[in-house]
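Here is a walk through one protein model, from its charged pairs to its pocket. Have the structure open as you read.

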Amino acid sequence: MLANCEKLRPLLTGLLHGQYGLQIAGMKFFAPPIKYDNIQIPEKPKLRFMDKVPQLPSNLRAPKMQKKLKWMRGPELVHNSLVHKQYGIVATGGGRLRWGHYEMLRLTIGRKMDTSRMFAIWRVEAPWQPVTKQGQGQRMGGGKGAIDHYVTPVKSGRVIVELAGELEFVEAKKILDIVCPKLPFKAMVVSQEMLENMKAEEERLERENLNPWNFKYIIQNNLGGCHRWLSPVDHKWFGKYL
């Protein structure tokens, strides 16, 4: 009986409002507002400028370096959590940030954010790994090329930038969604609650898994002779990080 009354209530409300001009108000329950008592806006709320070239001593020649793909492969084990426990951008794949990406993040976020109640911080260091390049039209050989630009390698799970202050996730997502697709690797906008839920879900799947024939078991036991075509990365991360 109660269920039928709940279904008829919108119909009766519409009839009374349409014929007699009566307005019927019901009880509404709203969540209490979020308190921001423990948040302090820094003196400079915007992202700081990053150097395009690292500053070296005058008596030191700029060193050249290998690609070091291992700096982009695998999970990030250190900078994988939010310092201010609010919102940010987290890489879901490996890659390398160039100086242009830093400027894109700095200018776009600084233009869209409200500096009176928001602030942003970097979670990645300035470009420091040199990338060399041979001149155009040169023949093979001649030694390693000159330094062309600098990059910062990023692993999966690394926090790129954080946005905090007196704001909710809807506001932060609207700002960070502009720059997230422009990064040179896959990334997503997250909140502290989302990170905790993702970690809990991963632990639950690992704990409640009933299928013993997972990818890790297949690789460790060489089922189907898979060791003939697997790479060393598969033996280390079991297909999780490419």
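## Two long-range salt bridges

Let's start with a charged pair: Arg158 makes a salt bridge with Glu125, and their closest N and O atoms sit 3.2 Å apart. This one ties together distant parts of the chain, since Arg158 is in the loop between strand 5 (146-154) and strand 6 (159-165), while Glu125 is in the loop between strand 3 and strand 4 (129-133), 33 residues apart. The two partners don't share an environment: Arg158 is buried at 6% relative accessible area, whereas Glu125 is partly exposed at 35%. Keep in mind that this is a predicted model.

A second bridge joins the side chains of Glu171 and Arg117, at 2.6 Å from N to O. Here too the pair links distant parts of the chain, with Glu171 in helix 3 (residues 169-179), Arg117 in the loop between helix 2 (99-112) and strand 3 (118-122), and their positions 54 residues apart. Glu171 is partly exposed, with a relative accessible area of 29%, and Arg117 also counts as partly exposed, at 24%.

## A bridge within one helix

Helix 3 has a local pair as well: Asp177 and Lys173 meet through their side chains in a salt bridge of 3.2 Å, N to O. Both residues belong to helix 3 and are 4 residues apart, or about one turn of the helix. Asp177 is partly exposed, with a relative accessible area of 34%, and Lys173 is partly exposed with a value of 34% too.

Shared partners also matter here: Asp114, Arg117 and Glu171 are joined into one network by salt bridges. Across the whole structure there are 8 salt bridges.

## The two sides of helix 3

Which residues of helix 3 are buried? They are Ala172, Ile175, Leu176 and Val179. Looking down the axis of helix 3, you'll find these buried residues within an arc of 90 degrees, so they line one face of the helix. On the other side, Val170 and Lys174 are exposed.

What covers the buried residues of helix 3? The cover includes strand 1 (87-91), helix 2, strand 3, strand 6 and strand 7 (187-191).

## The largest pocket

Now for the open space: the largest pocket holds about 1100 Å³. Its lining takes in 31 residues, and the ones nearest the pocket centre are Pro75, Lys199, Glu202, Lys240 and Tyr241. Strand 1, helix 4 (192-208), helix 5 (215-220) and helix 6 (232-237) are the elements that give two or more residues to this lining.

Which element provides the largest share of the lining? That would be helix 4, with 9 residues. By residue type, the lining of the largest pocket splits into 13 nonpolar, 8 polar and 10 charged.

## The overall picture

Stepping back, the protein has 6 helices and 7 strands. Read from the N terminus, the elements go α-β-β-α-β-β-β-β-α-β-α-α-α.

Of the 242 residues in the protein, 30% are buried. Take the contacts between residues at least 6 apart in sequence: 79% of them join residues at least 24 apart. The Arg158 and Glu125 pair, 33 residues apart, and the Glu171 and Arg117 pair, 54 residues apart, are two long-range links to look at on screen.

Definitions and conventions. Residues numbered from 1 in each chain as written. Predicted model: local features only at pLDDT ≥ 70, side-chain atom pairs only at ≥ 80, totals over all residues. Heavy atoms only, no water. Salt bridge = Lys/Arg side-chain N within 4 Å of Asp/Glu carboxyl O. Buried < 20%, exposed > 50% of the residue type's maximum accessible area, 1.4 Å probe, protein only. Arc of directions from axis to C-beta. Contact = heavy atoms within 4.5 Å. 1 Å grid on protein atoms, 1.4 Å probe; cavity = no way out; pocket = protein on both sides within 12 Å on 5 of 7 lines; lining within 4 Å. Points joined across faces, edges and corners; volume = space filled by probe spheres on them. Nonpolar A, V, L, I, M, F, W, Y, C, P; charged D, E, K, R; others polar.
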